[in-house]
Amino acid sequence: MSTRLCHALPLCLALAAGCKPTPPAEVAAVPHTPPAGALGANEDGPHFLPAASRPYVEIQPVAMEPEHAAIRAPARVAFRDGALSRVGAPIPGRIVKLHVEVGEKVKVGDALVTIASPEASSFHMELARARIEVDTARDQLERQNQMQKQGVGREYERVAAQHRLAEAQASLQHAQKAVSLLGKSSGGTVVVEAAIEGMVLRRFTTVGAQVEPGGDPLIEIGNPEALWVVAEVFQDDLALVSPNSKVTLEFAALPEPVTGHVEGIGVLIDTGLRRAPVYIAIDGEAPGVTPGMFARAQIQTPTTTGVTVPKSAVLIKEGKTAVVYVEEKEGVFSRREVATGHTFGDYVQILSGVRPGERIAVSGALLIDGTAQRIL
C-alpha cells in the first residue's frame with residue numbers, strides 16, 4: 001500500500017462517520033374542495049351558472065302574453081263565394097265580337113261576347129214552328145167546339161183536337177226553354193251577358209275562335225269589393241279558432257298590418273297538408289289588398305290559462321320530463337318540472353309549474369344543465 005493511500009483512508013472513514021441521513025420532509029395536507037357552481041351539480045339542489053356563461057343566458061319574467069298565444073298560418077286573398085264568375089259558351093259557335101276589355105267594370109246584363117251559331121238558328125226555327133202548331137191546334141179545337149154547339153160535331157174529334165193542342169203547347173214550352181237558355185239571342189247569333197256586377201279579370205278567347213259548351217271559359221269577372229282572406233290552419237289548431245276571433249294580417253307589399261276577424265271555419269281538411277280553411281273578413285277598407293295576394297295570419301285564441309314562454313326555455317330531461325330553470329337569485333337556478341299545453345309557433349303554453357312573474361332562463365338553458373337531452 002502506498003504512503004498516499006494510507007494517509008487518505010483515515011480521512012474517508014472520518015467523513016463517512018460524520019454524514020448521517022436526513023429524514024424526509026413532511027408535506028402538509030392540502031384540502032381539496034370542488035369549486036362551487038360546477039356544471040352537473042346535484043340534480044336535487046341548486047344549479048350554479050358560471051360567471052363566464054352568464055352573458056349567454058337570457059332571463060325573462062313569465063306571463064300570459066296574448067300576442068304569443070296566437071295561431072300563425074299562411075293565407076291568401078280570394079273572392080267571396082258568388083263574387084267570381086267564369087262565363088262559358090252556352091252553345092257551339094264562333095266568336096264574332098268581344099264587347100269588353102280586361103279591367104273594365106260591368107253590370108248585370110251587360111254584353112260580353114257575341115257568338116254566331118247555326119244551332120241557335122235551329123232553336124229559333126223550332127220555336128217559330130211550335131208557335132204555329134199551337135195556333136193551328138187552337139183553331140181546330142175552336143172549330144170543333146162550334147160544331148159541337150151546332151149539333152153537327154163529333155165528341156171524339158173534339159177530344160182529339162184538345163189533345164193536339166196540349167201536345168203543341170208542350171212543344172212550345174220546350175222550345176221556349178231551349179231558347180231562353182241561350183240568353184239574349186236572335187236568329188243565328190247569341191249575346192253572352194254578365195251575370196254579376198264586377199270587373200273583367202281575364203279574357204280567354206279571341207274573335208274567330210270556335211267555342212262550345214263545357215269548354216274553356218270565355219270571360220272571368222270578379223267583384224273586387226267582395227273579398228276575404230283564406231288562412232290554412234293545421235287541424236290540431238282548429239279547436240282554438242272561434243268565430244269573431246281577432247286576426248292580424250301581414251302583407252309583404254303593405255307597410256302596416258291589416259286587422260280582421262274570423263267569419264267562418266271550413267269543415268273539410270286537406271288530407272295531404274292536414275289543414276282546413278279559415279275565412280277571415282277584413283275590418284274596414286284595405287287599400288292595396290287585391291285577390292291573389294299572400295299574407296301571414298295571426299289568429300288570436302281565447303287561451304288564458306298558464307303562461308307562454310319561448311320553446312327554447314323548456315328542456316327535456318330523461319326523454320320525457322319537461323323542465324325549466326327558475327332564477328332564485330343571480331347566478332343560482334332551481335329546476336322546475338312543468339306541464340306544457342299548446343304550442344303557438346315559437347312559443348309554448350305552460351299550464352303548471354311556474355307562476356306569472358317568476359324569472360326563468362328563456363335561452364341558453366343548456367349552459368345551466370348540460371345533461372338535458374334536447375330542447376322542446
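Val326 stands opposite Ser334 in β21, one register point in a pairing of strand β20 (residues 321-329) with β21 that is antiparallel and runs over six bridges. Everything here comes from a predicted model, in which local features need pLDDT of at least 70, side-chain atom pairs count only at pLDDT 80 or more, and totals for chains, interfaces and linings use all residues. Residues are numbered from 1 along each chain as its sequence is written, and side-chain values use heavy atoms, with hydrogens and water left out.

Staying with β20 and β21, the two form a hairpin with two residues between them. Gly331 sits in that turn and has a positive phi of about 80°. Strand β21 (residues 332-337) also takes up strand β1 (residues 47-48), again antiparallel, through two bridges; here His47 has Phe333 as its bridge partner. As for terms, strands (E, at least two residues) and helices (H or I, at least four) are DSSP runs numbered from the N terminus, and two strands pair if DSSP finds at least two bridges between them.

Further along the chain there is an open sheet of five strands, in the order β8-β9-β7-β5-β11, with antiparallel pairing. Its edge strands are β8 and β11 (210-211), each of which pairs on one side only. At the β8 end, strand β8 (residues 184-186) is joined to β9 by three bridges, and the two make a hairpin with two residues between them. Gly187 in this turn has a positive phi of about 60°. Thr189 in β9 is the bridge partner of Ser186, and Thr189 is also the bridge partner of Ala116. That second link belongs to the antiparallel pairing of strand β7 (residues 111-116) with strand β9 (residues 189-193), which covers five bridges. At the other end, strand β5 (residues 93-98) and β11 pair over two bridges, antiparallel once more, with Gly93 matched to Val211. In a regular strand, side chains alternate between the two faces of the sheet.

Zooming out, the protein has three helices and 25 strands. Of its 376 residues, 35% are buried, where buried means under 20% relative accessible area, exposed over 50%, and partly exposed in between (1.4 Å probe, protein chains only). Contacts (heavy atoms within 4.5 Å) reach well along the sequence: of those between residues at least 6 apart, 71% join residues at least 24 apart. The accessible surface comes to about 22,700 Å², and 55% of it belongs to carbon and sulfur atoms; areas are from the Shrake-Rupley method with a 1.4 Å probe, and for residues only the protein chains shown count as cover.

Ser85 gives a local view. This residue is found in strand β4 (residues 84-87) and counts as buried because its relative accessibility is 14%. Leaving aside residues up to four places away in sequence, Ser85 touches Ile196, Ile219, Glu220 and Ile221.

Then there is the empty space. The largest pocket holds about 310 Å³, and of its 14 lining residues the closest to the centre are Pro224, Glu225, Leu227, Ala286 and Val289. A pocket is an open set of points on a 1 Å grid over the protein atoms alone, where a 1.4 Å probe fits, with protein on both sides within 12 Å along at least five of seven lines; lining residues have an atom within 4 Å of a point. Grid points are joined across faces, edges and corners, and the volume is the space filled by probe spheres set on them. The lining divides into eight nonpolar, three polar and three charged residues, with Ala, Val, Leu, Ile, Met, Phe, Trp, Tyr, Cys and Pro taken as nonpolar, Asp, Glu, Lys and Arg as charged, and the others, Gly among them, as polar.
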